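Welcome! Have a look at the sequence and the model below, and then work through the exercises at your own pace.

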Amino acid sequence: MLTMIEGFATAEGTRRFTERFPVLTTAGHFRQPKQIPGFSELRVSSLGMGTYLGEPTDAVDQLYVQSAKTALQLGINVLDTAINYRHQRSERNLAVALEDLIAAGEIHRDEIIVCTKSGY
């Protein structure tokens, strides 16, 4: 049973995340959206991972979990999901990936920006 992962992205956490990827940082992969109040201090990867498409099956779930882990391990810290994506399975798949990498000490919750929405 999945539980809510406490926390949220912070300026300190996203800065720490970028420090693990000096080549990407030098290349301008991480940005600070200065024009967005309340978000301007975060360091945001220029690419994110969306979770909209795919059949609601166990096989696709496994692919999403592995894809999210790989994305996070390679320098993506923006994940996009919603309750209606794949019948809530996408949100749950991201939770599994985050929980696994947090438990392994590879990431911290405050390093990752999770965008989720409700409804249509």
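**Exercise 1. A residue in its helix**

In which helix does L101 lie? Work out its surroundings as well.

*Solution.* Before we begin: this is a predicted model, in which local features need pLDDT of at least 70 and side-chain atom pairs count only at pLDDT 80 or more, while totals for chains, interfaces and linings use all residues. Residues are numbered from 1 along each chain as its sequence is written, and side-chain values use heavy atoms, with hydrogens and water left out.

Step 1. L101 lies in helix α4. Helices here are DSSP runs of H or I with at least four residues, strands are runs of E with at least two, and both are numbered from the N terminus.

Step 2. L101 has a relative accessibility of 3% and so counts as buried. Buried means under 20% relative accessible area, exposed means over 50%, and partly exposed is in between (1.4 Å probe, protein chains only).

Step 3. Leaving aside neighbours within four places in sequence, L101 is in contact with K69, L72, Q73, E106 and I107. Contact means heavy atoms within 4.5 Å.

Step 4. L101 and S67 are 34 residues apart in sequence, and 12 Å separate them in space, C-alpha to C-alpha.

**Exercise 2. Two helices that meet**

Describe how α3 and α4 are placed relative to each other.

*Solution.* Two packed helices are described by the angle between their axes and the distance between the axes.

Step 1. The axes of α3 and α4 come within 9 Å and cross at roughly 45°. Axes are lines fitted to C-alpha atoms, for helices over the stretch in contact, and angles run from 0 to 180 degrees between N-to-C directions.

Step 2. Helices α3 and α4 are therefore oblique to each other. Angles under 35 degrees count as roughly parallel, over 145 as roughly antiparallel, 65 to 115 as roughly perpendicular, and the rest as oblique.

Step 3. The crossing of α3 and α4 is right-handed: the near helix is turned clockwise from the far one by less than a right angle, whereas anticlockwise would be left-handed.

Step 4. Residues of α3 that meet α4 include Y64, V65, A68 and L72. On the α4 side, the residues include N93, L94, A97, L98 and L101.

**Exercise 3. Finding the core**

Which residues of the largest nonpolar core touch the most other members?

*Solution.* A nonpolar core is a set of buried Ala, Val, Leu, Ile, Met, Phe, Trp, Tyr and Cys residues joined through side-chain atoms within 4.5 Å.

Step 1. The largest nonpolar core has 19 residues, and F17, M49, L72, L79, L98, I107 and I112 touch the most other members.

Step 2. Two elements, α3 (58-73) and α4 (89-103), give two or more residues to this core. Helix α3 gives the most, with six residues.

Step 3. Take I112 as an example: not counting residues up to four places away in sequence, I112 touches A9, F17, L72, N77, L79, L98 and I107.

Step 4. Apart from the largest core lies another one, of five residues, among them A9, L42, V44 and I113.

**Exercise 4. The sheet**

In what order do the three strands of the open sheet stand?

*Solution.* Step 1. The order is β3-β4-β5, with parallel pairing. Two strands pair if DSSP finds at least two bridges between them.

Step 2. β3 (49-50) and β5 (113-115) stand at the edges, each with a single partner strand, so one side of each has no neighbour in the sheet.

Step 3. Between β3 and β4 (residues 78-80) there are two bridges in the parallel sense. The bridge partner of G50 in β4 is D80.

Step 4. M49 is found in β3 and is buried, with a relative accessible area of 10%. Leaving aside neighbours within four places in sequence, its contacts include Y64, A68, V78 and L79.

**Exercise 5. Two loops**

Is R86 buried or exposed? Compare it with Q88 and T57.

*Solution.* Step 1. R86 is found in the loop between β4 and α4, and at 5% relative accessibility R86 counts as buried. Its phi is near 55°, a positive value in a residue other than glycine.

Step 2. Q88 has its place in the loop between β4 and α4 and, at 26% relative accessibility, counts as partly exposed. Phi of Q88 is near 70°.

Step 3. T57 lies in the loop between β3 and α3 and, at 32% relative accessibility, counts as partly exposed. Not counting residues up to four places away in sequence, T57 touches R86 and R89.
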